[in-house]
Amino acid sequence: MKRPLSLANIKKFDKSDMLNMLLDFPLQCKQAYDIAKVNQLLFKVEDFTKIVFAGLGGSAIGADLVRAYLYFESKVPISVCREYELPAYVDNSTLVFISSYSGNTEETLSAYQQAKEKGASLILISSDGALKEHAAKDNLTFIEIPRGLPPRAALGYLSIIPLAVLHKLGVASDIAPSIVEMVKVLEELKNKNLHPRIGQKDNIAKHIADKLFNKFTVIYSSSIHFDVVVTRLRGQLNENSKSLASTHLFPEMNHNEIVGWQNPKKLLKNFIVLMLRDKDMHARVTTRMDITSDILKDEGVSVLEIWSRGENLLSRIFSLIYIGDFISFYLAILYGIDPTPVDRVAYLKKRLAESK
């Protein structure tokens with residue numbers, strides 16, 4: 001049964017107050033930059049030839065954002081490791097960010113030990129936990145971020161802080177001017193297009209959430225800069241809305257998945273496609289998205305478009321993320337569930353702990 005997106009229903013089902021976390025997100029982005037500005041690096045800044053981020057889930061999506069944002073800027077290769085084990089190329093000329101919001105993610109702690117053994121330069125980012133203890137014991141650079149959030153709600157801290165640190169290290173340009181515009185764009189989105197007091201007609205997130213209800217969502221965008229938005233939205237639909245979704249990226253999608261939109265025909269009517277678009281995407285990618293939309297519509301598949309907002313790249317990436325976060329929140333309310341708890345993740349961690 002579809003529940004109305006009334007303020008009463010939001011209050012009824014949003015028992016853990018995810019809404020206020022979303023409303024406070026622009027402020028979090030400003031606070032993240034302030035935290036980064038006062039941080040001191042405790043290692044000798046030398047030339048490093050590669051950068052690796054180690055993290056999982058909500059703690060890794062910030063790393064994806066850093067990598068995507070710096071696609072055309074960083075001359076140092078950046079990769080994200082979501083594993084227990086680091087790749088063989090990590091060595092003493094590698095800068096490794098160890099990112100775990102709780103500080104206790106077992107895969108990330110394993111990666112930390114390996115990075116330390118390999119002599120990599122280390123920056124640890126966490127709110128608490130074992131990582132904080134390791135940093136104090138080993139005299140490592142530790143950036144402490146505020147506690148009390150689900151990891152996925154701490155994206156501002158987990159992305160803007162590394163970007164600011166990489167500016168200090170000469171890898172990235174100063175993001176301060178971009179943050180000013182980005183926060184303004186997010187505040188305007190919140191107040192004019194996303195806030196729960198805004199009705200469905202003018203609320204893009206409510207409108208799309210209503211279309212996604214009881215549908216299997218497939219999310220597409222460009223592989224450059226916006227792959228992070230696709231990954232983020234899939235994860236938010238999983239964790240907040242407790243619903244499945246799949247993703248692919250242009251132009252690769254046109255070389256395989258486009259053919260698959262033919263069978264099983266009985267299921268296609270239950271699918272809906274979200275196209276995440278941006279004014280500065282490669283012209284040929286834009287054309288590919290237009291043609292693909294026509295093909296999908298000919299199959300009877302609904303295709304919805306979401307356009308980024310703002311002028312600078314940071315604004316445009318975060319605007320799509322912010323819209324997607326609200327979509328997943330409203331879809332949770334439509335399903336009549338609390339967006340915040342992730343009971344199956346907690347259960348899995350419990351079983352893993354018992355298996356040691």
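Modeller: Contact means heavy atoms within 4.5 Å of each other. The model is predicted, so local features need pLDDT of at least 70 and side-chain atom pairs count only at pLDDT 80 or more, while totals for chains, interfaces and linings use all residues. Residues are numbered from 1 along each chain as its sequence is written, and side-chain values use heavy atoms, with hydrogens and water left out.

Biologist: Which residues does Ile-51 contact, leaving aside its neighbours within four places in sequence?

Modeller: Start with the higher numbers on the list: Leu-166 and Val-171 both touch Ile-51. Leu-95 and Phe-97 are also partners. The rest of the set is Val-76, Pro-77, Ile-78 and Ser-79.

Biologist: Which residues of the largest nonpolar core touch the most other members?

Modeller: A nonpolar core is a set of buried Ala, Val, Leu, Ile, Met, Phe, Trp, Tyr and Cys residues joined through side-chain atoms within 4.5 Å. Buried means under 20% relative accessible area, exposed over 50%, and partly exposed in between (1.4 Å probe, protein chains only). The largest core holds 103 residues. Those that touch the most other members are Ile-51, Leu-166 and Phe-318.

Biologist: Which helix gives the largest share of this core?

Modeller: Helices (DSSP runs of H or I, at least four residues) and strands (runs of E, at least two) are numbered from the N terminus. The largest share is 15 residues. They come from residues 313–335, which is helix α14.

Biologist: How many residues are in the second, separate core?

Modeller: Ala-54 and Ile-98 are among its members. So are Ala-111 and Leu-140. The full count for this second core is 19 residues.

Biologist: How many salt bridges are there?

Modeller: A rule is needed before counting. A salt bridge is a side-chain nitrogen of Lys or Arg within 4 Å of a carboxyl oxygen of Asp or Glu. By this rule the count is 22.

Biologist: How many residues apart are Asp-325 and Arg-232?

Modeller: Their side chains meet in a salt bridge, with N to O at 2.9 Å. Asp-325 sits in helix α14 and Arg-232 in helix α10, so the pair links distant parts of the chain; their separation is 93 residues.

Biologist: Are Asp-325 and Arg-232 buried or exposed?

Modeller: Asp-325 and Arg-232 form a salt bridge. Both residues fall in one class: buried.

Biologist: Arg-277 and Glu-305 form a salt bridge. Which strands does the pair tie together?

Modeller: The closest N and O atoms of this pair are 2.7 Å apart. The partners are 28 residues apart in sequence. Arg-277 lies within residues 271–277 and Glu-305 within residues 302–307, so the pair ties strand β8 to strand β9.

Biologist: Which class of accessibility does each partner have?

Modeller: Arg-277 has 2% relative accessibility, so Arg-277 counts as buried. Glu-305 has 38% relative accessibility, so Glu-305 counts as partly exposed.

Biologist: How many helical turns separate Glu-354 and Lys-350?

Modeller: These two form a salt bridge, with the closest N and O atoms 2.7 Å apart. An α-helix has 3.6 residues a turn, so residues three or four places apart point the same way. Glu-354 and Lys-350 are four residues apart in helix α15, so their separation is about one helical turn.

Biologist: Which residues are linked in a network of salt bridges?

Modeller: Glu-311 and Arg-316 belong to the network. The others linked in it are Asp-278, Lys-279 and Asp-280.

Biologist: What do the buried residues of helix α6 pack against?

Modeller: First, find them within residues 129–138: they are Gly-129, Ala-130, Leu-131 and Ala-135. One of their partners is a helix, α5. The others are β3 (94–99), β4 (121–126) and β5 (141–144).

Biologist: What phi does Asn-139 take?

Modeller: Asn-139 comes just after helix α6. Its phi is positive, at about 55°.

Biologist: Is Val-183 buried or exposed?

Modeller: Val-183 is in helix α8, residues 176–194. Leaving out residues up to four places away in sequence, Val-183 touches Pro-26, Cys-29 and Lys-30. Its relative accessibility is 8%, so Val-183 counts as buried.

Biologist: How far apart in space are Val-183 and Asn-20?

Modeller: In sequence, Val-183 and Asn-20 are 163 residues apart. In space, C-alpha to C-alpha, they are separated by 16 Å.
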